[in-house]
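Work through the two exercises below with the sequence and the model side by side, and try each task before reading its solution.

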Amino acid sequence: MRPRHLRRRGALAAAATTLAVLCAGQTLAAPQAAAAPVPALGREVRASSASEVHTAQDAAARVIAGALADPGWRARVRQAALASDEVAVTALADGALRTALAAADRRIAAAKGLAPDVGPLLRLRLGDPSMRAALTAGTEPWVAAATSDEGPVTAYDGKGRTHTLDARKAPARPVYVVDIDGSRALAAGLDVLHEELARRGVRSAGPASEPEQARSRAAAAGLWTTRITAVSLSDDQEPWIKGDAEIYTLVTGFGHDGKVRVDPVDMPYLDNDGTVYRPQQILVNWSSYKYDLADAVMMEEDGSTNYRDLAKAIAAVLLTVTDQGAYTPLVDALLDAIPDDWWTDDPDYVDSWYTLARTDSGTRYGARGNGWMTLEPYFVQEL
């Protein structure tokens with residue numbers, strides 16, 4: 001490894017120190033601005049999952065911007081950003097900066113209810129393809145965190161100054177966006193959701209589990225499923241600072257014991273709105289359900305979801321729903337289980353499909369009008 005210059009070492013060490021302070025819950029004041037006094041609180045208030053995640057992302061954006069003052073680090077990041085859609089920025093860093101970014105990763109994981117060993121979650125990417133030419137030409141990039149759809153975007157330069165950008169119009173200057181690895185977070189989060197729901201008494205199949213043949217009335221020959229042959233979402237006009245969507249679906253119905261069950265289904269391919277995907281993915285495994293009807297609620301991972309708390313909220317409501325001897329749609333109950341202020345981004349709730357039947361074949365449009373799926377019955381033969 002090539003020796004680091006003293007100037008670079010100093011810049012990264014200072015950046016790491018700044019991030020460590022920010023990740024401890026403090027904020028960095030604007031240049032030459034006096035620190036605001038901290039108000040006295042009558043009781044300790046735990047920050048929400050969203051604010052914890054957003055604070056860590058914003059702190060990482062600011063400290064990465066400061067480190068870009070070093071020409072060597074700036075060239076290293078530029079090369080990586082031009083070569084890949086997403087850069088594992090924690091792994092790219094070294095020394096004290098890497099240690100501090102790893103601490104931010106762990107803070108984000110804890111805020112999302114994930115295990116500390118989930119792996120690096122912070123990612124860095126170029127905000128928009130239109131910025132590649134300016135970045136290649138050597139224009140100094142700014143850094144911003146992808147923390148919200150609402151309001152203007154705050155970007156930081158290498159001198160610690162802030163710049164306000166339009167969320168709907170990509171700037172000409174290149175901007176690095178610090179985001180979360182949604183695929184990694186969602187895969188780990190759905191495992192947590194499955195485990196927590198089961199622990200709280202709501203039956204749930206893991207998002208990657210095999211069909212439960214033991215419960216199937218046709219187990220000797222195989223089982224019936226519903227398969228997605230095509231799916232598309234409408235254009236939601238997300239701002240340039242947001243990356244690809246991370247979509248999952250919660251399939252709900254009554255299990256053979258007459259109790260509500262929730263089965264998470266990861267849809268990692270469904271990245272962009274306005275695109276038709278043909279996944280041939282199994283959505284519903286009918287051997288798990290008492291009735292030949294089920295509901296589906298499609299959601300988007302927004303980066304700030306705490307999956308343990310989500311499972312707790314869902315279980316608290318769905319456990320009160322009882323089997324009345326006929327199928328009762330569960331979409332409304334599932335959505336009601338999530339408090340209105342739970343989600344900070346939009347749209348976290350993507351769409352829903354009521355009363356999907358085992359015999360459904362053809363295109364079904366979501367109740368919200370934001371998406372459609374083409375479904376078909378699919379019989380899985382036993383080996």
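**Exercise 1.** Find which exposed residues lie on the face of H3 turned away from its buried side.

*Solution.* Begin with the terms: helices are DSSP runs (H or I, at least four residues), numbered from the N terminus, and buried means under 20% relative accessible area, exposed over 50%, and partly exposed in between (1.4 Å probe, protein chains only). The buried residues of H3 include Trp73, Val77, Ala80 and Ala81; they cover an arc of only 100° around the axis (taken from the directions from the helix axis to the C-beta atoms), which puts them on the same side of H3. The face turned away from that buried side carries the exposed residues Gln79 and Ala83.

The model is predicted, with local features needing pLDDT of at least 70 and side-chain atom pairs counting only at pLDDT 80 or more, whereas totals for chains, interfaces and linings use all residues. Residues are numbered from 1 along each chain as its sequence is written, and side-chain values use heavy atoms, leaving out hydrogens and water.

**Exercise 2.** Determine which residues are joined with Glu196 into one network by salt bridges that share partners.

*Solution.* A salt bridge is a side-chain nitrogen of Lys or Arg within 4 Å of a carboxyl oxygen of Asp or Glu. Glu196 meets Arg199 in a salt bridge of 3.0 Å, N to O, and both lie in helix H7, three residues apart, about one turn of the helix. Glu196 also forms a salt bridge with Arg308, where the closest N and O atoms are 2.9 Å apart; this pair links helix H7 to helix H8, across 112 residues. Shared partners thus join Glu196, Arg199, Arg200 and Arg308 into one network.

Conventions
Helix = DSSP H or I, 4+ residues; strand = E, 2+ residues; numbered from the N terminus.
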